Structure formats: structure tokens, C-alpha cells
Amino acid sequence: GDCGPAAYIDDTNVFEAEELTLDEYYVVDQNNGNGDYVRLIDNGDLELTGTITGSFNAPTGTYSCYAVLVTENDGQPTASLTIGDDTIFDGTYPLGAANFQLYETERVTVDLTLGEPITWTGTRDEGAYARWDELRCTQL
């Protein structure tokens, strides 16, 4: 569904995946204290790729950004996250010791402009659905 622009929270610069525009993804409602996240649909395609898009609606500036992934113990999906031409994450998920553990990617310093597109692409690996929680950017 089309949920419009990214959710922007002034003090933490959090872009929640479930607030972005989802294609082949849906929101998983969590009651375990981790909040909601998104995952690929299950249409039988073991290598399904989906996308999530939004807009960087925080002020123009230099930021330290990272993604919060949700790992699984039955597969290692791949994903990429970009803001404009800047890559925040591009790679393979670590294998989780247990299902649905939060994993923070390496922090990347990037110069970002208000309005740049946020683009997430995730590809399923067997039983692991390229789950994504959020993008976090701290202005430097």
C-alpha cells in the first residue's frame, strides 16, 4: 500500500519501514517490544524480490546512517538500501542465532539532501523474508 512519505522524528531521524511505500512487502505487527517491521510476502517464490520506497524528508546535511535488519535462523536474504546515490547497506544478512533478532548494519557517513529518494530492495533466501525494521540517520 501507499503510505506516503517517510516518517521523520526530529530527535532521532528514524524512517520506519512500515511507514514507507511497500511493494511485495507487508507489515508484521509485533508485540514483543521491538515494534513493527516489514517482510516479503510468501507467494511461493523462494527468491522473491520486493522494494520499499520513500523520501528523505530530514534537513539537508551530513549524516551517519544505518539500517536495522531483522535476522532469521533459516536463511540469509540479501538487500540494498540507498538514499539518492548513496549506499547505506548492500549485502547479505547475517544468520540469526534465533529468529527475528534486530541487527544494526555498519554506520555510513553520507551527505544527504532533503527530498532524496529512499530505496530498499530485498530478496528472499529460502525461508528468510528480507525483514527490515528501520533506517536511522543522525546529523553530524
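The following questions and answers concern charged residues and backbone angles in a predicted model.

Residues are numbered from 1 along each chain as its sequence is written, and side-chain values use heavy atoms, with hydrogens and water left out. Local features need pLDDT of at least 70 and side-chain atom pairs count only at pLDDT 80 or more, whereas totals for chains, interfaces and linings use all residues.

Q: How many salt bridges does the structure hold?
A: A salt bridge is a side-chain nitrogen of Lys or Arg within 4 Å of a carboxyl oxygen of Asp or Glu. Among those in the model are Arg-124 with Asp-42 and Arg-131 with Glu-72. The total is 4.

Q: How far apart in sequence are the parts that Arg-131 and Glu-72 tie together?
A: The two side chains meet in a salt bridge at 2.8 Å, N to O. Arg-131 lies in strand β12 and Glu-72 in the loop between β6 (61-71) and β7 (78-83), strands being DSSP runs (E, at least two residues) numbered from the N terminus. The pair therefore ties together parts separated in sequence by 59 residues.

Q: Is Glu-134 buried or exposed?
A: Glu-134 forms a salt bridge with Arg-136, with the closest N and O atoms 2.5 Å apart. Buried means under 20% relative accessible area, exposed over 50%, and partly exposed in between (1.4 Å probe, protein chains only). Arg-136 is partly exposed at 26%. Glu-134, with a relative accessible area of 6%, is buried.

Q: What is the phi of Glu-126?
A: Most residues other than glycine have a negative phi. Glu-126, in the loop between β11 (117-123) and β12 (131-139), is not a glycine, yet its phi is positive, at about 55°.

Technical notes
Helices (H or I, at least four residues) and strands (E, at least two) are DSSP runs, numbered from the N terminus.
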